[in-house]
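Got your viewer open? Let's take a short walk through this one, stop by stop.

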Amino acid sequence: MALRELSSLEKYLGLKKPNKYSTQGDKKVPVLQNNNGPPLVGLVTIACHLVKEAKRPELLGDSTESRAVVQQWLEYRVTNLNGCTKDDMKTVLKDLNIYLQDKAYLAKNQFTLADILMYYGIQPLIVDLAIQEKEQYVNVTRWFDHIQHYPGVRRHLSPVVVLRNRIYTSRHH
């Protein structure tokens, strides 16, 4: 999964020369052999490297505070979504739903690498939810739908229907 995410991230960033990745260990941690030095290990480390290589520093945050928030969500992505159980999934969705209550993106109003990698990580969870379950996490599904329609992000993933259309009575018009 992480290798496809990195490949999609490279395409989103417009990097012309695709990198060659391998994995290590039972958890299949991604590894990028860097020509300029030692290999880079881990999804977040490699993703941040790709963002810098593409000269897109705004994706890492545009202030000290937003950079810290981006790093926090990237760490959350790796520690809480990789190998997530069904019970863990509900906790993740509940936490995200509360956090996104008054935000358009994970770093408040700025689209960042955290949104991209969290989207890739949470997509399999959202696909498996019934429409009624998705409606329990309205802030997550709003954010998810926005990110999946962000130009160039979805790549290898199919679009996901997140909310059903609602029919309103005449008093709501």
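Here's a warm-up: is Q110 buried or exposed? Keep in mind that you're looking at a predicted model. Select Q110, which sits in the loop between α4 and α5. Its relative accessible area is 14%, under the 20% cut-off, so Q110 counts as buried.

Stay there and show the side chain. Q110 reaches the backbone oxygen of E58 with its side chain, at 2.8 Å. Setting aside neighbours within four places in sequence, you'll find Q110 in contact with E58, G61, D62, S66, Y105 and D115.

Next stop: the largest nonpolar core, which has 54 residues. Try colouring L13, L96, L113, I122, I126 and W143, the members that touch the most others in the core. Now bring up α1 (2–13), α2 (43–53), α3 (64–81), α4 (86–99), α5 (113–128) and α7 (138–148), as each of these helices supplies at least two core residues. The top contributor is α5, with 10 residues.

Zoom in on L13 from that set. Beyond its neighbours within four places in sequence, L13 is in contact with L50, V51, A54, R56 and L59.

For the last stop, show just α4 and α7. The two pack at an angle of about 80°, and their axes are 7 Å apart. That angle makes α4 roughly perpendicular to α7. To see where they meet, select L93, L96 and N97 on α4, then V138, N139 and V140 on α7. What kinds of residues make up this contact of α4 with α7? Four are nonpolar, two are polar and none is charged.

Key. Residues numbered from 1 in each chain as written. Predicted model: local features only at pLDDT ≥ 70, side-chain atom pairs only at ≥ 80, totals over all residues. Heavy atoms only, no water. Core = buried A, V, L, I, M, F, W, Y, C linked by side-chain atoms within 4.5 Å. Buried < 20%, exposed > 50% of the residue type's maximum accessible area, 1.4 Å probe, protein only. Helix = DSSP H or I, 4+ residues; strand = E, 2+ residues; numbered from the N terminus. Contact = heavy atoms within 4.5 Å. Polar contact = N/O pair within 3.5 Å; in protein donor to acceptor, adjacent residues only side chain to side chain. Axes fitted to C-alpha atoms, helices over the stretch in contact; angles between N-to-C directions. Parallel < 35°, antiparallel > 145°, perpendicular 65-115°, else oblique. Nonpolar A, V, L, I, M, F, W, Y, C, P; charged D, E, K, R; others polar.
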